[in-house]
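Biologist: Please take a close look at one part of this model, a pair of packed helices, and then set that part in its surroundings. Plain words will do.

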Amino acid sequence: MMKKLPLEQLPAFLKGISETKTLVAPVEKGGQVNFDLWTEDSTLRLDVLKTVKSAKGAFFPQVEDIVHFQMQGKNIDIHPAEVLTEDFVLFGVRACDARSFELLDRVFLSDPTDPFYAARRAHGTVVTLACNRPEETCFCTNFGIDGADPAGDLSAWMTEDTLYFQANTEKGAALVAGLADCDDGEITETQNSIREILNKLPLSNLNLTGFEGDHLKERFDDPRWEELSRGCLGCGTCTFVCPTCQCYDVKDFDSGNGIRRFRCWDSCMFSDFTLMAHGTNRPTQKERFRQRFMHKLVYFPSNNDGIYSCVGCGRCLEKCPQSNHIVNVIKTLGVKEDA
Amino acid sequence: MIVNRLQELLQDDENLQFVGWEKGETPFDRTPKTFTAETLGNLCYDSFCGSNLSKYLLSQKTDKKTVVLLKPCDSYSFNQLCTERRLNRDAYHVIGVGCKGKIDGEKIRKTGIKGILSVREEGETLKIETLYGTTEIPRKDVLLDKCLACKGKEHKCADEVLGESEDTCVGDKYETVAKLEAMTPDERFAFWREELSKCIRCNACRNACPACSCIKCVFDNPNSGVQNKAAADDFEENLFHIIRAYHVAGRCTDCGECSRVCPQGIPLHLLNRKIIRDVNEFYGDYQAGDAIGQRHPLTDFTFEDSEPNAERKGGGK
């Protein structure tokens, strides 16, 4: 059974949630919209489809402490960081970001399980929101994602005056237990109009032929990586706004009389990515650029039942300073062999 | 028109390489590219070519003579890189391309216009076709911020100029710097904390910056003690940007690429512009990249030089 909430009651609804749980939602700060702590004073921006950073930070933050070493005279005290023990709600996640959590699960929840990530996943309730106004940079449809029917613990659809909810798990149902019931048919019109736009998206029918795992060698050796990577600045913008990039580094921060060991997002675009004692095996930007797209389009699917590690959110299309992104790669390299 | 001229140049030297922009997937995608005689037809130059190609030249050095397209503002960065001997002036045939201000796709999106399929310029109006119908917006409302601080229509370095330029500067470019100076230290600190706390350390500002031309940046050196891929705390967030601003002091031409490329919209150019303003005040007006071979005030010495530390102890006047 679906539930509904008049939009004017949304602030009170969110306040209700925030009284017992941490609430994270797309809020505007310093002119930019990102997933951040929601309070009554926050500017909620449910109209913004693409937050600058994806929602992955709620489960896999950019920086998190792992352990603290503290000098005490001649001894060193070791304080391992604690995993999350409190429930939180992640509100307003789009279908693409919701899919990214499934991809991250495959990495962080497979043996050996990452305790920090696992605790956040266990304590988080994901409330998704259908994409009323898909944008030209959206290409989620290529990966079997439906912006009109987002996953998560609780799915939501917004009309001009009402928010509709469909619970998919017990955690999701608990959040909307107090709301009025309504008929499933009330969102049909909204879903139809979303799908009509999704079908018209300019990048909705990319040809991914040639990226299957068994073409690994051909894709790797393709001479066109040279041209494709030419304009790449080697910054980490694409990797840091990406919902599926999952590489991290572990660094030590010298606090004077101790060490804070933390992990932080890493980027294969950086020159010191996976730097080893012998140096680097990706000496130029060509190899680094190739690594990113081979990982998303070839290595990941070949290790994960053919699932691509891209959800088509389009953030990199909007944010790459050089307009040099995954769609260029797919269109250039993803053509049929006989074409 | 530009491609025709470039093809003429090929008749004298068929080995030329060309540095310009190529059209991409979205209406705003213009990727810096290097073209040969075969691919020259893909070169594009229009109102969306906002990026500065001067820095890109550093990674595109070959034995071939390079023809490069530079907008008036880009020519300052080119000169500065020649001054620093990072580029050799003789290796380039510089075509100064006309510029009437470049359009910021992000600004169009921020007005709430969504699903943009095409943007057509009709005089001072942009006609925008979207998935949700067509709409219009005045061109001047969505120019890149750097165009609002335009340094003028003159190319400071060019072997030939194609097309007309326009000075798109609006008002006083030091207005925001003056506002920040008028704040109390606490207010100013709060302003920069709000901005710099958005930083995701993607390094786009540094990598796009023509003045940041070190072959190996200290922040990329694992042995430096400051190489952190993410800021571990507030102090580090501030440190990275302030160190960078100081490092490019006197050499920054105010090209505005740092703020253009920042995914989080941090007005990084304000740090540089504050330093430019101070340099002008202490040593007389100076514009980095005005000409090749200039000595900038911070690397030059005269007995008449002011003593900024003595004049402004502790940051106060």
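Modeller: The part to look at is in chain B, where helix α6 (residues 175–182) packs against helix α11 (residues 269–283) at an angle of about 85°, with the two axes 10 Å apart. Keep in mind that this is a predicted model. Angles from 65 to 115 degrees count as roughly perpendicular, and α6(B) and α11(B) are therefore roughly perpendicular to each other.

Next come the residues that make this contact. From α6(B) they are B:T176, B:V177 and B:L180, and they meet B:L270, B:R273, B:K274 and B:R277 of α11(B). Sorted by class, the contact between α6(B) and α11(B) has 3 nonpolar residues, 1 polar residue and 3 charged residues.

From the helix pair we can turn to the nonpolar cores. The largest one has 117 residues, and the members that touch the most others are A:V24, A:L90, A:V127, A:C140, A:A156, B:A204 and B:C205. Helix α2 (residues 95–108) of chain A gives the largest share of this core, 7 residues. One of the residues just named, B:C205, can be followed further: leaving aside neighbours within four places in sequence, B:C205 is in contact with B:C258, B:V261, B:C262 and B:L268. Another core lies apart from the largest one; this other core has 37 residues, including B:F18, B:V67, B:V94 and B:I95.

The contact between the two chains is the next step outward. Chain B gives 35 residues to this contact and chain A gives 45. On the side of chain B that touches chain A, the elements giving two or more residues are β2 (30–35), β6 (116–122), α7 (185–196) and α8 (204–208) of chain B. The largest share of that side, 5 residues, comes from β2(B). By class, the side of chain B that touches chain A divides into 14 nonpolar, 11 polar and 10 charged residues.

Last, there is the layout of chain A. Chain A is divided into domain 1 (2–48 + 85–200) and domain 2 (213–333). The C-alpha centres of these two domains of chain A lie 27 Å apart. Their contact takes 16 residues from domain 1 of chain A and 15 residues from domain 2 of chain A. The side of domain 1 of chain A that touches domain 2 of chain A has 9 nonpolar, 3 polar and 4 charged residues.

Note on methods:
Residues numbered from 1 in each chain as written. Chains lettered and ligands numbered in written order. Predicted model: local features only at pLDDT ≥ 70, side-chain atom pairs only at ≥ 80, totals over all residues. Domains from an automatic or database assignment. Contact = placed C-beta atoms within 7 Å. Nonpolar A, V, L, I, M, F, W, Y, C, P; charged D, E, K, R; others polar. Helix = DSSP H or I, 4+ residues; strand = E, 2+ residues; numbered from the N terminus. Axes fitted to C-alpha atoms, helices over the stretch in contact; angles between N-to-C directions. Parallel < 35°, antiparallel > 145°, perpendicular 65-115°, else oblique. Core = buried A, V, L, I, M, F, W, Y, C linked by C-beta atoms within 7 Å. Buried ≥ 20, exposed ≤ 12 C-beta atoms within 10 Å, placed from the backbone.
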